[in-house]
Amino acid sequence: MFVARMPVSTPLPILMYHKIAPINRRSTLRGHYVHPGMFERQLKALKLLKFSSVQLGTLYDNDWPSRGVILTFDDGYTNFIDSAVPKMVRLGISGTVFMVSGQVGGTNEWDVKNGDVSEPLMTQAQLRECVSKGMEVGSHTIDHVHLDQLPLHELRRQLMDSKAQLEAIVGVPITTLCYPYGRQNEAVRSMAKEAGYRVATSTKKGPNFPNTDRFELRRVNIRSDTLLPVFVSKLWRATRHDR
Ligand SMILES: [Zn+2]
């Protein structure tokens, strides 16, 4: 069993989820749905494998967690508070939800524009409830934009104003950022630092090491077709040193 052979500074898996809900057959992004029952089995597997969840924001000032795992949820869907949070609270697992600040109480307009189904996003009260239940809220920009294609003033606005808007809602510092579509470059990373973020996640795959750039953290994509054996094997690959 690989559990016993883990070295002290275990590579850190950061899991990427979108929607915790049954697949909407009309959706053009069916991979983005993880069934609540499957999600619960994944949480229980994490407990069984002795992973302990840490919040993304603590990576900046904490020691590197040993046998840690970070759960992230992109876009801020209401199914996060309705279907994920109760299960996570019950099992003592935390997570970070990346909210599109211009769509609080709105919908995933950026996907609808491309023909996808409309899904509700969390309201101000629901975001506050997330924090009161031990979840972390991070920024996913104001409008879910391609950050690497923006003029500097708009890049600054998307990063700084989304942070300020979310801080005004939840009343705690927002220190984590998720680049929409994983799109970023040197200018984006540097503006993210200037805006006061401490860590940012990309959509690059793989494990994270203590020396991994905190503004290019890698993630493990958990999809609707990630059945339990696949989940465990993805997790295992993201905790190996030889990657
Ligand atoms: Zn997104």
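**Charge distribution, fold and zinc site of the predicted model**

The protein carries 32 positive and 23 negative side chains, and a distance of 8 Å separates the centres of the two sets. These values, like those that follow, were computed from a predicted model. The accessible surface of the protein amounts to about 10600 Å², and carbon and sulfur atoms account for 52% of this area.

Seven helices and ten strands make up the secondary structure of the protein. The C-alpha trace extends over about 50 × 40 × 30 Å along its principal axes. The radius of gyration is 17 Å, which agrees with the value near 18 Å that would apply to a compact globule of 243 residues. Of the 243 residues in the protein, 54% are buried. When contacts between residues at least 6 apart in sequence are considered, 67% of them join residues at least 24 apart.

A zinc ion is bound by protein donors from Asp75 (OD), His140 (NE2) and His144 (NE2), which lie 2.1 to 2.2 Å from the ion. Along the chain, the donors of the zinc ion conform to the spacing D-x64-H-x3-H. Asp75 belongs to strand S5 (residues 68-75), whereas His140 is located in the loop between strand S7 (136-139) and helix H5 (152-170); the pair therefore ties together parts of the protein that are 65 residues apart in sequence. Asp75 and His140 are both buried, with relative accessible areas under 20%.

Technical notes: Residues numbered from 1 in each chain as written. Predicted model: local features only at pLDDT ≥ 70, side-chain atom pairs only at ≥ 80, totals over all residues. Heavy atoms only, no water. Helix = DSSP H or I, 4+ residues; strand = E, 2+ residues; numbered from the N terminus. Rg over C-alpha atoms; globule rule 2.2 N^0.38 Å. Buried < 20%, exposed > 50% of the residue type's maximum accessible area, 1.4 Å probe, protein only. Contact = heavy atoms within 4.5 Å. Areas by Shrake-Rupley, 256 points an atom, 1.4 Å probe, with all protein chains shown as cover. Lys, Arg positive; Asp, Glu negative; His and termini not counted. Charge placed at Lys NZ, Arg CZ, Asp CG, Glu CD. Donors = N, O, S within 2.8 Å, 3.2 Å for Na, K, Ca; no water.
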